[in-house]
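Here is a walk through one protein chain, written for someone who would rather look at the model than at a list of values. Keep the viewer open while you read.

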Amino acid sequence: MNPGNSKRLSTCWLRTAALLLYLLATTAQADFIVSHREPAGDTDKRDQYTIALIRLALEKTKATYGAYEMRPIPTSYYKLRARLAASNNQYPNILLEESYDDDFVSKSKLDFIPFPIDLGILGYRVCFVSPQRKAEIARVTSLEDLKRYRVGQGIGWQDAKILKHNGFNVIEVEAYESLFKMVAAGRIDLFCTGANQASNELQAHPKLAQLGLDNSFALVYKLPRFFFLHPDNHLLKRRITAGLKLAYSDGSMQRLWQENFGPGLNLVHLQTRTIFSLANPFITRLDPGYEQYLFSPLSPP
């Protein structure tokens, strides 16, 4: 063979191999798509941490599992619709943040990753209070007295089931934003939300002049929240599990948690409130191994 032809052939093979490697890398990047929920509106900050945590877990595993792409599912997908989409595997690799529930796990078609993605902080609840009831609720000293008031919660929320089980008068509402309007207008007496969320939510609703936060008590119950996914998405489960554990081990998850939740927790002063502990009977079949990752804001620093 002519040496010049041999050299040209070798160069051609090298270019072809490089092109194939590029195409494989591009295909891998396009193929590993992770779908997630977007916030319900401009004022809804709840999903910002979740989205950032998914990205952190994916970044921590990038060297092992390769590139990825994150895609939001439509914002019209409230919790129940999002669950249905995940059960039907309607979008690639949907990850949903959900509170664990024995009944939900047994009846749904979804699998879950038993790592508490918010380190248990959403089990600490403080409440927005209607202007008509603010003064009298501030004087409540017993759980039984507190149960006399109407508490708004979202449809499908684990919190609604827990509050009902503990004897509260619960009014369930589909649209998250409606809960703020209802408590400000006195249509419900209380709307309880995560202690880490309350101050941001108050600041996000400046037009609701009557919206106020109770400063006298907090509700506390176990509310483990995990990533749920379709059981066929084995690679997604392995990757996110590995990423969460890596992020926890090197402290980057705790730093993300502190950046998102620390300032808000400091503003609600949990340690100065009366604490009412509630039972959660809906997690009896859950392995308690997840508890090693929980953080209590009531513990001394």
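Helices (H or I, at least four residues) and strands (E, at least two) are DSSP runs here, numbered from the N terminus. By that rule T64 lies in helix α3, residues 62-65. This is a predicted model, so local features need pLDDT of at least 70 and side-chain atom pairs count only at pLDDT 80 or more, while totals for chains, interfaces and linings use all residues. Residues are numbered from 1 along each chain as its sequence is written, and side-chain values use heavy atoms, with hydrogens and water left out.

**The chain as a whole**

The protein chain holds 12 helices and 12 strands. Of its 301 residues, 49% are buried; buried means under 20% relative accessible area, exposed over 50%, and partly exposed in between (1.4 Å probe, protein chains only). Contact means heavy atoms within 4.5 Å. Take the contacts in the protein chain with a separation of 6 or more: residues 24 or more positions apart account for 79% of them.

**Two threonines**

Is T50 buried or exposed? T50 counts as buried, because its relative accessibility is 8%. You'll find T50 in helix α2, and once its neighbours within four places in sequence are set aside, T50 is in contact with E97 and F227. T64, back in α3, is exposed, with a relative accessible area of 67%. The C-alpha atoms of T64 and R239 are separated by 8.9 Å, though the two are 175 residues apart along the chain.

**The sheet**

Five strands make an open sheet in the order β2-β1-β3-β11-β4, with mixed pairing. Two strands pair if DSSP finds at least two bridges between them. In general, strands of a sheet pair through backbone hydrogen bonds, either parallel or antiparallel. The edges are β2 (69-72) and β4 (111-113), each of which pairs on one side only. On average, neighbouring strands of this sheet are turned by 35 degrees against each other, direction ignored. For angles like this, axes are lines fitted to C-alpha atoms (for helices, over the stretch in contact), and values run from 0 to 180 degrees between N-to-C directions.

Strand β1 (residues 33-36) pairs with β2 in the parallel sense over four bridges, and with β3, also parallel, over two bridges. I33 and S35 point one way from β1, V34 and H36 point the other way, and all are buried. Here is who stands opposite whom:

| Residue in β1 | Opposite residue | Strand of the opposite residue |
|---|---|---|
| S35 | R71 | β2 |
| H36 | P72 | β2 |
| H36 | L95 | β3 |

**Helix α11 on the sheet**

α11 packs on this sheet, touching β1, β3 (94-99), β4 and β11, and its direction makes about 20 degrees with that of β4. The helix covers residues 234-249, 16 in number, and reaches 23 Å from first C-alpha to last, close to the 22 Å expected at 1.5 Å a residue. That expected span is 1.5 Å times one less than the number of residues. Which residues of α11 are buried? They are L236, R239, I240, G243, L244 and A247. Seen down the axis of α11, these buried residues fall within an arc of 130 degrees, so they line one face of the helix. The arc is that of the directions from the helix axis to the C-beta atoms. After α11 comes G251, with a positive phi near 85 degrees.

**The nonpolar cores**

A nonpolar core is a set of buried Ala, Val, Leu, Ile, Met, Phe, Trp, Tyr and Cys residues joined through side-chain atoms within 4.5 Å. The largest one has 50 residues, and L53, F191, F227, I240 and L244 have the most contacts inside it. Elements that each supply at least two residues of this core include α2 (46-60), β11 (225-229), α11 and α12 (252-268). α2 gives the most, with seven residues. Leaving aside its neighbours within four places in sequence, L244 is in contact with L53, A57, I113, F115, I117, F227 and M253. A second, separate core of 22 residues includes V140, I162, F168 and F276.

**Helix α8**

In α8 (residues 158-165), Q158, D159, A160, I162 and L163 are buried. The buried residues of α8 pack against β3, β5, β6 (150-154), β7 (169-173) and β10. Just after α8, G167 takes a positive phi of about 90 degrees.
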